[in-house]
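Keep the sequence and the 3D view side by side. This walk goes from charged pairs to helices, then to a loop and the surface.

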Amino acid sequence: KIILMHFEKSVDTFVVKEVLYTTLDDGKYFYYLLEKKGIATLPAIKLLEDQNNAKIYFSGLKDKDSHSYQWICTQTELLEPIDERIKIEFVGKDSKRIFVGMHTSNRFEIKLENVNEKEKFFLKKAGKLVFPNYFDDQRFDENSLEFGKALFEEKWENALKIVLTKKSPFDSEFSIQIKDFIEKNWLDWITLCQSELLPPNKKKVFEYLLNHPIDFKNAILFCNKKQLSIACRAFQAQKFNDLLLEQIIKTSKGQKFMKINDKKAPIVFKKNSIKRKLVIQPVFPKKKALIRKTFFTPKNFKASFENKNALLFFELPKGSY
């Protein structure tokens, strides 16, 4: 069958609303609804943290190419964002801090164009279809994957060097200066410990290495905990996708594909031909295995049509793509 309907993920065609239940019991955390367009969650959070000199907590990662709404919290009031891609709305205060995975689900609004009559018939039944539960692109930052892979392969020095010296598009000029200095003086722990350029949290790594020169594995424990968690989860997510991809390819014919992180991911399968869930082992230093269902069915699915356009509404469990 020739598929004519067109979907290109953008802020105009892809809306995501995070569902998170809270008591708002007037505790110490300020709760906000973060609305963003054309920017991923992590850089949006960093912009807010830098502007407010505050630590901000969030539950889920939302796509760059979307118009998304998600919950965040902090222990201080936030200023109106400078970046026009971001808006915040104060909702109330709560005693519970938001943590990764705290939300229950996400609600989606998807706009499709150039939909023919056969496709309309198909879309009306889409709420009963079963879909493979891949992780999507937003989980796979290049630096995090490289860091996670080095941790998994127990290449401890390489892993430490990646997290301390590998540059990203979101680095400030000062951050780039620090990374260049560390790379230039790598293995010269005395110079790095004595440098006035490095902040105290970075110096802790090199102070440990000064006393334990080749113990790169335990030196990793002094690195930024958020970066460690993101890298471990990113690598586990990639392993999950690879295993699920292999299972579907082996058991399905007449395959159709979509792209995730520049890889072809098969989408046609029978649920009785693959495992119900996959377990991905922990990546050091984290101790938690990834346990995830291999497929899902959309909830509360609705489809409306106007001329050749279709508007889809549905809800997915957290983490489903």
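Which side chain meets Glu153 in a salt bridge? The partner is Lys149, with N and O 2.7 Å apart. This is a predicted model, and its distances are computed from predicted coordinates.

Look at how open that pair is. Glu153 is partly exposed, at a relative accessible area of 33%. Lys149 is partly exposed too, at 41%.

Now move to another pair. Asp171 makes a salt bridge with Lys179, and their closest N and O atoms are 2.9 Å apart. Here the burial reads another way. Asp171 has a relative accessible area of 17%, so it falls under the 20% cut-off and is buried. Lys179 is buried as well, at 10% relative accessibility. Back at Glu153, the picture extends to a third residue: salt bridges with shared partners link Lys149, Glu153 and Lys155 into one network.

A search of the whole structure gives 14 salt bridges. One of them joins Lys9 to Asp63, with 2.8 Å between the closest N and O atoms. Lys9 sits in the segment before β1 (14-19), while Asp63 sits in the loop between β3 (57-58) and β4 (67-74), so this salt bridge ties together parts 54 residues apart in sequence. The two ends differ in cover. Lys9 is partly exposed, with a relative accessible area of 22%. Asp63 is buried, at 7%.

Next, the helices. Take α1, residues 41-52. Does its length fit or miss the expected span? Its 12 residues, at 1.5 Å a residue, should span 16 Å, and the end C-alpha atoms are 16 Å apart, which agrees. The buried residues of α1 are Thr41, Pro43, Ala44, Ile45, Leu48, Glu49 and Asn52. An α-helix has 3.6 residues a turn, so residues three or four places apart point the same way. In α1, Thr41, Ala44, Ile45, Leu48 and Asn52 are among the buried residues. What covers the buried residues of α1? The cover includes β2 (29-37), β3, β4, β5 (86-94) and α9 (225-251). Just after α1 comes Asn53, whose phi is positive, near 50°.

Helix α7 covers residues 200-211. Run the length check again. The 12 residues of α7 should span 16 Å at 1.5 Å a residue, and the end C-alpha atoms are 17 Å apart, which agrees. Its buried residues are Lys203, Val205, Phe206, Tyr208 and Leu209. What covers these buried residues includes the helices α4 (156-165), α5 (173-184), α6 (189-194) and α8 (216-219).

Step back to the loop between α6 and α7, where Ser195 lies. Is Ser195 buried or exposed? Ser195 counts as buried, at 8% relative accessibility. Which residues does Ser195 touch, leaving out those up to four places away in sequence? They are Phe181 and Lys203. Lys203 is one of the buried residues of α7.

Finish on the surface. Phe122, Leu129 and Phe131 form a nonpolar patch there, with about 240 Å² of accessible area together. Leu129 is in the loop between α2 (117-124) and β7 (131-132). Leu129 is partly exposed, with a relative accessible area of 30%.

Technical notes: Residues are numbered from 1 along each chain as its sequence is written. This is a predicted model: local features need pLDDT of at least 70, side-chain atom pairs count only at pLDDT 80 or more; totals for chains, interfaces and linings use all residues. Side-chain values use heavy atoms; hydrogens and water are left out. A salt bridge is a side-chain nitrogen of Lys or Arg within 4 Å of a carboxyl oxygen of Asp or Glu. Helices (H or I, at least four residues) and strands (E, at least two) are DSSP runs, numbered from the N terminus. Buried means under 20% relative accessible area, exposed over 50%, partly exposed in between (1.4 Å probe, protein chains only). The expected span of a helix is 1.5 Å times one less than its number of residues. Contact means heavy atoms within 4.5 Å. Patches are made of residues with over 30% relative accessible area and no salt bridge: like charges are joined within 9 Å, nonpolar side chains (Val, Leu, Ile, Met, Phe, Trp, Tyr) within 5 Å. Accessible areas come from the Shrake-Rupley method with a 1.4 Å probe; for residues, only the protein chains shown count as cover.
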